[in-house]
Amino acid sequence: MFGSKGIVGLDIGSSYIKAVQLKETRSGYELELFDSLPISPELIVEGSIIDAIRVTESLRELVRKAKIKSKDAVIAISGHSSVIIKRISLPEMSEEELSESIKFEAEQYVPFDIEDVNLDFQILGPKEEPGQMDVILVAVKKEVINDYVSVVKEAGLNTAIVDVDAFALENMYGINYEIEAGKNVALVNIGASTINMNILKGGVSVFTRDSSVGSNVHTDALQKEFSISYEEAERLKRGEPVEKVRPEDAYSLIMNSSSDIFGEVTRSVDYFRSSTLQAEVAEVILSGGCALIKGFPDALSEKIGIPVRPAEPFRNITIPKKFDLSNIEESAPIAAIAVGLATRRLGDR
Ligand SMILES: Nc1ncnc2c1ncn2[C@@H]1O[C@H](COP(=O)(O)OP(=O)(O)OP(=O)(O)O)[C@@H](O)[C@H]1O
Ligand SMILES: [Mg+2]
């Protein structure tokens with residue numbers, strides 16, 4: 001709705017495309033646009049675009065429906081088969097020096113041909129060991145980036161920035177939550193086919209992981225158990241009625257088919273705990289469509305023994321009266337990554 005020029009955050013998921021645009025005001029951020037469009041689940045698989053023509057059509061439809069006026073977009077790539085994020089230790093050097101040697105340094109950490117990836121890094125500052133520094137290394141497959149950039153272009157937009165889902169979550173958190181030193185917070189985004197995790201220690205990312213499991217396990221289970229279509233299963237997940245299926249049966253099936261998701265989050269939290277001096281995770285901020293499934297956040301919390309709060313990506317964002325506030329609040333967790341993308345500025349790396 002009501003787009004203007006500026007930069008639009010486009011979260012191109014495998015089941016929904018989300019668009020968010022923000023305006024920076026003197027007192028903070030104001031919402032300019034938030035909209036989404038479902039897409040067929042076979043168009044994007046494991047983070048790769050399978051059917052570029054139909055993804056382009058959907059993007060165009062969203063641009064029209066949401067009245068996106070912006071010509072510049074920020075997009076994100078995710079998935080363990082396309083993105084590598086590693087925290088590495090290197091001898092201290094300047095940003096310029098690292099720019100020149102990053103390819104060489106990255107080679108041993110990236111399981112793909114180094115010529116096939118775009119590399120980026122962030123120096124996190126010195127380590128305890130003298131002469132060493134911590135660096136976050138990011139490698140994204142060029143082919144995957146090119147595919148996304150080209151559908152965005154076909155839809156009439158220029159890709160100004162390519163980000164990574166895990167970092168977009170971090171930016172969403174940064175503008176909406178108070179950062180407490182020493183507190184470990186797990187940002188967990190569970191979409192249809194992917195889980196993105198980013199654990200922050202005092203607001204700084206210390207662990208990231210993407211895995212290819214998501215709420216499609218629920219859709220599949222519902223379709224099989226009740227012999228219904230994809231659309232009907234999606235309706236059940238949203239709590240809408242479907243003929244011949246009792247809501248409580250749908251609910252228990254959803255909970256009973258969540259074990260892969262629970263397992264994935266548990267494994268990551270356990271790994272983090274064991275690898276960083278018994279550090280406990282104080283809370284999980286849950287985003288993505290899975291956060292909208294009734295009872296899911298509580299069930300996850302019970303499983304992992306950590307409080308789980310649905311993400312509030314609009315917490316610190318002023319929402320003008322022209323928007324339907326209750327509508328936005330209801331679906332807010334699904335906007336988390338798009339909000340994080342929308343905070344990026346033209347000219348950012
Ligand atoms: N209101 C809702 N209630 C319950 N489930 C919902 C709701 N809205 C969306 N979902 C579910 O959430 C999922 C979509 O979430 P999201 O948009 O975060 O995923 P995505 O970004 O498309 O997927 P991915 O990032 O894994 O490719 C779908 O499985 C959908 O069924
Ligand atoms: Mg997603």
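Let's start at the ligand, because two domains share it: the shell around ligand 1 takes at least three residues from each of domain 1 and domain 3. Keep in mind that this is a predicted model. Which residues come closest to ligand 1? They are G13, S14, G191, G288 and G289, out of 20 residues that surround the ligand. By class, the shell splits into 6 nonpolar, 11 polar and 3 charged residues.

Now the domains. Domain 1 comes in three pieces: 1-80, 142-177 and 315-349. Domain 2 covers 83-140, and domain 3 covers 178-311. How far apart are the C-alpha centres of domain 2 and domain 3? The answer is 31 Å.

Next, the chain as a whole. The count is 11 helices and 16 strands. The radius of gyration is 20 Å, and the globule rule for 349 residues gives 20 Å, so the chain is as compact as a globular protein of that length. Along the principal axes, the C-alpha trace spans about 65 × 45 × 45 Å.

On to the sheets. One is an open sheet of 6 strands. Read across, the order is β10-β6-β1-β2-β3-β16, with mixed pairing. Why is one side of β10 and of β16 left without a neighbour? Both stand at the edges, β10 at 158-164 and β16 at 317-318, and each has a single partner strand, so one side stays unpaired in the sheet.

Look at the β16 end. Strand β3, residues 28-38, runs parallel to β16, and 2 bridges join them. One residue to click on is E30, whose bridge partner in β16 is T318.

Two helices lie across strands of this sheet. Helix α1, residues 52-65, crosses β2 (16-25) and β3, at about 130° to β3. Helix α4, residues 165-176, lies across β3, β6 (72-77) and β10. Its angle to β10 is about 90°.

Hold on to α4; we will meet that helix again.

The other sheet is also open, with 5 strands. The order here is β13-β12-β11-β14-β15, and the pairing is again mixed. The edges are β13 (204-211) and β15 (308-310), each with a single partner strand, so one side of each has no neighbour in the sheet. From one strand to the next, the twist averages 20°.

Inside that sheet, β11 (184-190) and β12 (195-201) pair antiparallel over 7 bridges. V188 is bridged to M197 in β12. And here is α4 again: it packs on this sheet, touching β11, β12, β13 and β14 (283-287). The helix direction makes about 50° with that of β12.

Last helix. Where does α9 lie? Helix α9, residues 296-304, lies across β14 and β15, and runs at about 160° to β15.

To wrap up, α4 lies across β3, β6 and β10, and packs on the sheet with β11, β12, β13 and β14. Ligand 1 draws its shell from domain 1 and domain 3, at least three residues each.

Definitions and conventions. Residues are numbered from 1 along each chain as its sequence is written. Chains are lettered from A and ligands numbered from 1 in the order in which they are written. This is a predicted model: local features need pLDDT of at least 70, side-chain atom pairs count only at pLDDT 80 or more; totals for chains, interfaces and linings use all residues. Domain bounds come from an automatic or database domain assignment. Two strands pair if DSSP finds at least two bridges between them. Helices (H or I, at least four residues) and strands (E, at least two) are DSSP runs, numbered from the N terminus. Two residues are in contact if their C-beta atoms, placed from the backbone, lie within 7 Å. Axes are lines fitted to C-alpha atoms, for helices over the stretch in contact, and angles run from 0 to 180 degrees between N-to-C directions. A residue is near a molecule or strand if its C-beta atom, placed from the backbone, lies within 6 Å of it. Ala, Val, Leu, Ile, Met, Phe, Trp, Tyr, Cys and Pro count as nonpolar, Asp, Glu, Lys and Arg as charged, and the others, Gly among them, as polar. The radius of gyration is taken over C-alpha atoms; the globule rule is 2.2 Å times the number of residues to the power 0.38.
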